[in-house]
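Me: I would like to go through this model and ask what stands behind each label. Please set the values against the criteria as you answer.

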Amino acid sequence: MLPAIPYLRLRATVSAEEPVVLPPFLGSMLRGAFGHALRRMVCVMGPEQACADCSLRHACVYTRIFEPYVEGEPPPFLRGIDQAVRPYLFEPLAEGGRLAPGETLRFDLLLFGQAAELAAYAVLAVERMAQAGLGTRRARFRLQQVEALSPDGAAREVFRAGAPLSGARITAAPPEIAPLPDGAVGLRFETPLRIKVRDHLSDRPTFRDLAFNMLRRILELAHFHVPGALIDWNFRPLLDRAESVHIGAADLAWHDWERFSQRQGTTMKLGGLVGTVTLEGDLTPFVPLLRTVEVVHVGKGATFGLGKVSVMV
């Protein structure tokens, strides 16, 4: 039994106020702009104060959403890390490119577990990051609206620029665990999948490799961001069963993309697998796993929108 990961999907629409050229893959740009805007908005200690030794980090909205730290003793599986998995991710709804004044940019921001309670801060940070500018030349944007979507895609609440913010009617919901048909099932890696096998990025992962990384992603999110989640860290039996599921037909390609790291001051090349695979075997025990990663993604760079998986039935 996997722990449920409640989540809230916020769909933002911003419009360009001046000509702009945006990078092809927008996830990294959006994440960086969001983080800067959120910290400028809520930090009372100033930019010189490092979050790691800040006396207010336990109560800070910025660290709770964007840069969470491990507090207390983590389970054996997670020992040795000082920062927790991030309880958010960005999903660009289109590629970048040229935008003329008045043209719109749309993207989803997903908040997991307790982070969903801070949706009002996230919405305001999206508005502030649009005003501060996007792209290398910081072109100004204007927030048109942010929709809070239910799991079926219906808008439950709409925030508009300048309107009062309230999260009273916005609640997180767990992913829907729809059944899978008997027989082979396909997986589509819609954005580059980056998982490590024996400390190296894999270009031919087995289903066991995929299942391990999916489990780790879900259990970390539950442990750090879902209070009261019941977590069984003894997942070896499930991984043993994963060995009986095989990857049949595969149509995969390695896709490289670049992003500029403000922190490191350099351009980084990140690559991963995109395409489809067919899973053959008894998938019944893995239905919650596969359906959950359709929402939370899997692998490195998930906060940027990498590792987006969809189940093809």
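Me: What makes the span of helix 3 agree with its 14 residues?

Reply: In this predicted model, the end C-alpha atoms of helix 3 are 20 Å apart. The expected span is 1.5 Å times one less than the number of residues, and for the 14 residues of helix 3 that gives 20 Å, so the two values agree.

Me: Which residues of helix 3 are called buried, and what covers them?

Reply: Ala119, Ala122, Val123, Ala125, Val126, Glu127, Met129 and Ala130 are the buried residues of helix 3. Buried means under 20% relative accessible area. The cover includes helix 1 as well as strand 1, strand 5, strand 6 and strand 7.

Me: What is notable about phi in the residue that follows helix 3?

Reply: The residue is Gly133, and its phi is positive, near 110°.

Me: How do you know that helix 1 is mostly covered?

Reply: Of the 16 residues in helix 1, 12 are buried. Among them are Gly27, Met29, Leu30, Phe34, Leu38, Arg39 and Val42. The helix covers residues 27–42 and reaches 23 Å from its first C-alpha to its last, close to the 22 Å expected.

Me: What makes the sheet of 5 strands an open one with edges?

Reply: The strands are in the order 3-5-1-6-7, with antiparallel pairing. Strand 3 and strand 7 each have a single partner strand, so one side of each is left without a neighbour in the sheet, and these two stand at the edges. From one strand to the next, the twist averages 25°.

Me: What packs on that sheet?

Reply: Helix 3 does, touching strand 1, strand 5, strand 6 and strand 7. Its direction makes about 155° with that of strand 6.

Me: How do you know that strand 3 and strand 5 are paired?

Reply: Pairing requires at least two bridges, and 5 bridges join strand 3 to strand 5. The two run antiparallel. Leu89 stands opposite Leu110, and Asp108 in strand 5 is the bridge partner of Glu91.

Me: Is strand 3 mostly covered or mostly open?

Reply: Strand 3 is mostly covered, with 4 of its 5 residues buried.

Me: Why is Glu220 called buried?

Reply: Its relative accessibility is 10%. The limit for buried is under 20%, so Glu220 counts as buried. Glu220 is placed in helix 4 and touches Leu78 and Val85, leaving aside residues up to four places away in sequence.

Me: What makes the pair of Glu220 and Arg216 a polar contact?

Reply: The two side chains make this contact at 2.6 Å. The cut-off is a pair of N or O atoms within 3.5 Å, one able to donate a hydrogen and the other to accept it.

Me: Why is His223 called partly exposed?

Reply: Partly exposed lies between the limits of 20% and 50%. At 31% relative accessibility, His223 therefore counts as partly exposed. His223 also lies in helix 4, and it touches Pro74, Pro75, Leu78, Ile231 and Trp233, again without residues up to four places away in sequence. His223 and Pro3 are 220 residues apart in sequence, yet their C-alpha atoms are 9.2 Å apart in space.

Me: How do helix 4 and helix 6 cross, and which residues make the contact?

Reply: Their axes come within 10 Å and cross at roughly 65°. The crossing is left-handed. The contact is made by residues of helix 4 including Phe207, Met214, Ile218 and Leu221, and by residues of helix 6 including Leu289, Leu290, Val293 and Val296.

Me: What makes phi of Asp199 and of His297 worth a remark?

Reply: Most residues other than glycine have a negative phi. Phi of Asp199 is near 70°, a positive value in a residue other than glycine. His297 has a positive phi of about 70° and is not a glycine.

Me: Where are Asp199 and His297 found, and why is Asp199 called exposed and His297 buried?

Reply: Asp199 is in the loop between strand 9 and strand 10. Exposed means over 50%; at 67% relative accessibility, Asp199 therefore counts as exposed. His297 lies in the loop between helix 6 and strand 13. The relative accessible area of His297 is 0%, so His297 is buried.

How values were computed. Residues are numbered from 1 along each chain as its sequence is written. This is a predicted model: local features need pLDDT of at least 70, side-chain atom pairs count only at pLDDT 80 or more; totals for chains, interfaces and linings use all residues. Side-chain values use heavy atoms; hydrogens and water are left out. Buried means under 20% relative accessible area, exposed over 50%, partly exposed in between (1.4 Å probe, protein chains only). Contact means heavy atoms within 4.5 Å. Axes are lines fitted to C-alpha atoms, for helices over the stretch in contact, and angles run from 0 to 180 degrees between N-to-C directions. A crossing is left-handed if the near helix is turned anticlockwise from the far one by less than a right angle, and right-handed if clockwise.
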